[in-house]
Amino acid sequence: MSRGGGKGLSLKDKLDGNELDLSLCDLNEVPVRELAALPKATVLDLSCNNLISLPSDFCSLMHLVKLDLSKNRLQQLPLDFGRLVNLQHLDLLNNRLVTLPVSFAQLKNLKWLDLKDNPLDPVLAKVAGDCLDEKQCKQAAVKVLQHMKAIQSEQDRQRQRKLQAEREMEKKREAEQRAKEAQERELRKREKAEEKERRRREYDAQKAAKQEMEKKTKKETVQTRKPASSSRPPQPPRHKPSWSRSVLRVLLFILFCILCTLAACKLTELQRQPLCVSVNTLYEDVVAALQNHKTLQNMLQHNSQQ
């Protein structure tokens, strides 16, 4: 491990029990990979080096119990510094820290803390105190943890409020979107109804115009036919046949049928049929009865001559 990058010098040579002293090594970077291979090194001294920042994977060294980072040039700690949950002793004397990461509140086992000689935020500096002796450094650990937990709780509440506000905003947007969609549906429905009503009026108007045209055509046809009908000479009124004429026609028809029957029975071969025999007998009886009347006798004689 060289001074610039930490390579060339064996860390095992510097390991004394559970303590690993890397102070005054002029380090610019922390050899995290080599440190991770030494889980027994629970006490790590990195003081008096040229460290400006700690790599993000430094927080994987969760076996650390005591950590000395004093007299470096650290401007900030990793955001997930709180992963070092086994850390009990932390020395950050004489660095360039202004604030601590919120995850610092997760260092529930921290019992000792020194933040002197850092350009801390005034509120944080007041909470941390001077740390001039063991008691003050222990109080600093307790107070800073409480302060960072309060900040974490406030940030959690802010995130919760922000999340709630975002949810409400999302619900509002969804409600506005639903209202907009409902309004668009209502508008389309109204436009559809208006279009239907317009087509119905057009249909009624076309139908009325068609009926009016038919009436006009029919009227012109009637007016065209009137002169022709008026030029015809008036015909005499037809008299309805009276009932007496009808009765006379019926009697003449019956008489014609009787004469046809008599002629058939007298002149044809049907005269031997029983019906014709009866008809001929009836005819002879009637003629014999009527011969006593002179007028009828003369008429019969006249008919015989003919």
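Here is a walk through a predicted model of this protein, from the overall layout down to single residues.

Let's start with how far to trust it. The mean pLDDT is 85, and 85% of the residues reach 70 or more. The start of the chain is another matter: over residues 1–8 pLDDT stays under 50, and the model gives that stretch 21 contacts beyond four places in sequence. Treat those contacts as part of a stretch with pLDDT under 50.

Now for the layout. The protein has 7 helices and 6 strands, and reading along the sequence you get the pattern α-β-β-α-β-β-β-β-α-α-α-α-α. Of the 306 residues, 25% are buried. If you take the contacts with a separation of 6 or more, 34% of them join residues 24 or more positions apart. The protein exposes about 22,700 Å², with carbon and sulfur atoms supplying 54% of that area.

A good place to zoom in is the loop between helix H2 (32–36) and strand E3 (43–45), where you'll find Thr 42. Is Thr 42 buried or exposed? Its relative accessibility is 19%, so Thr 42 counts as buried, the cut-off being under 20%. Setting aside neighbours within four places in sequence, Thr 42 is in contact with Asn 18 and with His 63, Leu 64, Val 65 and Lys 66.

Val 65 also helps us place Leu 110: the two are 45 residues apart along the chain, and their C-alpha atoms are separated by 8.9 Å. Leu 110 sits in the loop between strand E5 (89–91) and strand E6 (112–114). With a relative accessible area of 3%, Leu 110 is buried. Not counting residues up to four places away, Leu 110 touches Leu 87, Gln 88, His 89, Leu 90, Phe 104, Ala 141 and Leu 145.

Move a little further along the chain and you meet a salt bridge between the side chains of Lys 116 and Asp 114, at 2.9 Å from N to O. Its two partners differ in cover: Asp 114 is buried at 4% relative accessible area, whereas Lys 116 is partly exposed at 22%. Then comes Asp 117, in the loop between E6 and helix H3 (122–128). Asp 117 has a positive phi of about 60° although it is not a glycine, and at 54% relative accessibility it counts as exposed.

Cys 131 has a positive phi too, near 55°, and is likewise not a glycine. Cys 131 lies in the loop between H3 and helix H4 (134–231). What is Cys 131 bonded to? It forms a disulfide with Cys 137, the sulfur atoms being 1.7 Å apart. A search of the whole structure finds 1 disulfide, and this link is right-handed, with 100° about the S-S bond. Both of its cysteines are buried; for Cys 131 the relative accessibility is 4%. Elsewhere in the chain, Cys 25 is buried at 9% relative accessible area, and Cys 59 is buried at 0%.

Helix H4 is also where some charged pairs turn up. The structure holds 12 salt bridges, and one of them joins Arg 199 to Glu 195, with the closest N and O atoms 3.7 Å apart. Both residues lie in H4, 4 residues apart, about one turn of the helix. Arg 199 is partly exposed at 45%, and Glu 195 is partly exposed at 32%. This pair belongs to a network of salt bridges that links Glu 195, Arg 198, Arg 199 and Glu 202. Asp 204 and Arg 200 form another salt bridge, with 2.8 Å between the closest N and O atoms. These two are 4 residues apart in H4, so about one helical turn separates them. Asp 204 is partly exposed at 34%, as is Arg 200 at 41%.

Our last stop is helix H5 (residues 243–267), home of Phe 253. With a relative accessible area of 54%, Phe 253 is exposed. Phe 253 is part of a nonpolar surface patch of about 1,100 Å², whose other members include Trp 243, Val 247, Leu 248, Ile 254 and Leu 259.

Conventions. Residues numbered from 1 in each chain as written. Predicted model: local features only at pLDDT ≥ 70, side-chain atom pairs only at ≥ 80, totals over all residues. Heavy atoms only, no water. Disulfide = S-S within 2.5 Å. Buried < 20%, exposed > 50% of the residue type's maximum accessible area, 1.4 Å probe, protein only. Patch = residues over 30% accessible without salt bridge, like charges linked within 9 Å, V, L, I, M, F, W, Y side chains within 5 Å. Areas by Shrake-Rupley, 256 points an atom, 1.4 Å probe, with all protein chains shown as cover. Salt bridge = Lys/Arg side-chain N within 4 Å of Asp/Glu carboxyl O. Contact = heavy atoms within 4.5 Å. pLDDT = per-residue confidence, 0-100.
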